[in-house]
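Work through the following exercises with the sequence and the model side by side. Each task is followed by a solution in steps.

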Amino acid sequence: FCLDEQVYIGYPDGLMAGDYSGTFFNVLSDLTFARHSDNARDLTVHEGRIIVPHDAGLLAYQPSEIESRVEDISPPVQNNRGPVQGRVRAVRGFGPWLLAGLWTGSTSYLLAGRRDNAGRYAWHTQQEFSAGPIKASRMHVDSITTSTGGGKLIPNRLWIAFDGNKEATNF
């Protein structure tokens, strides 16, 4: 996808940034040594930063012509501080909230996180998807909020696609 006229592509070994000449370079080269099929598989932009899921959590990459920054914004899912533990496989921004699809190895969960007063991400477990061992793979939030003709208000909808499931689930 593109952000500020820069092309970004997620790979198992990092996040590649490209330019008009067709040259690409890895801006998250630390992931080269932690290669995993889930790394950078579902990128999104949230608060002007590229959100990159990886094997051990979430990174927020802020591109800059002067000094780019990377921040770990992972939910506390790799330790005993969180109610669910696993790997974030899908992300999507919605206003101030960052939504994440988390896979525990047997069940998927929907998490919602946002910055607290101290500037850290606070994460909340929203829903368990107990329809069997299905992994959340992609997320989309509808931005259409009025019907054709402008009469009826339609609530925003979150669509989640799961691996091995031909249908998307609407919440």
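Does Arg89 count as buried or exposed? At 4% relative accessibility, Arg89 counts as buried, where buried means under 20% relative accessible area, exposed over 50% and partly exposed in between, with a 1.4 Å probe and protein chains only. This is a predicted model, in which local features need pLDDT of at least 70 and side-chain atom pairs count only at pLDDT 80 or more, while totals for chains, interfaces and linings use all residues. Residues are numbered from 1 along each chain as its sequence is written, and side-chain values use heavy atoms, with hydrogens and water left out.

**Exercise 1.** Find the salt-bridge partner of Arg89 and place both residues in the fold.

Step one is the criterion: a salt bridge is a side-chain nitrogen of Lys or Arg within 4 Å of a carboxyl oxygen of Asp or Glu. Step two is the contact, in which Arg89 meets Asp163 at 3.0 Å, N to O. Step three is the location: Arg89 lies in strand E9 (residues 87-94) and Asp163 in the loop between strand E14 (158-162) and strand E15 (168-170), so the pair ties together parts that are 74 residues apart in sequence; strands are DSSP runs of at least two residues, numbered from the N terminus. Asp163, at 30% relative accessibility, is partly exposed.

**Exercise 2.** How many salt bridges are there, and which residues join into one network?

The count comes to 12 salt bridges. One of them pairs Arg120 with Asp116, whose closest N and O atoms are 3.8 Å apart; Arg120 is exposed at 54% relative accessibility, whereas Asp116 is partly exposed at 28%. Through shared partners, salt bridges join Asp38, Arg41, Asp55, Arg87, Arg89 and Asp163 into one network.

**Exercise 3.** Classify the aromatic pair formed by Tyr8 and Tyr61.

Rings of Phe, Tyr and Trp (its six-membered ring) pair if their centres lie within 6.5 Å, with planes under 30 degrees apart counted as stacked, over 60 as edge-to-face and the rest as tilted. The search of the whole structure finds three aromatic pairs. Tyr8 and Tyr61 are 6.3 Å apart, centre to centre, with 65° between the planes, and their pair is edge-to-face. Tyr8 belongs to strand E2 (residues 6-11) and Tyr61 to strand E7 (residues 57-62), so that the pair links parts of the chain 53 residues apart. Tyr8 is buried at 4% relative accessible area, and Tyr61 is buried at 6%.

Note on methods
Helix = DSSP H or I, 4+ residues; strand = E, 2+ residues; numbered from the N terminus.
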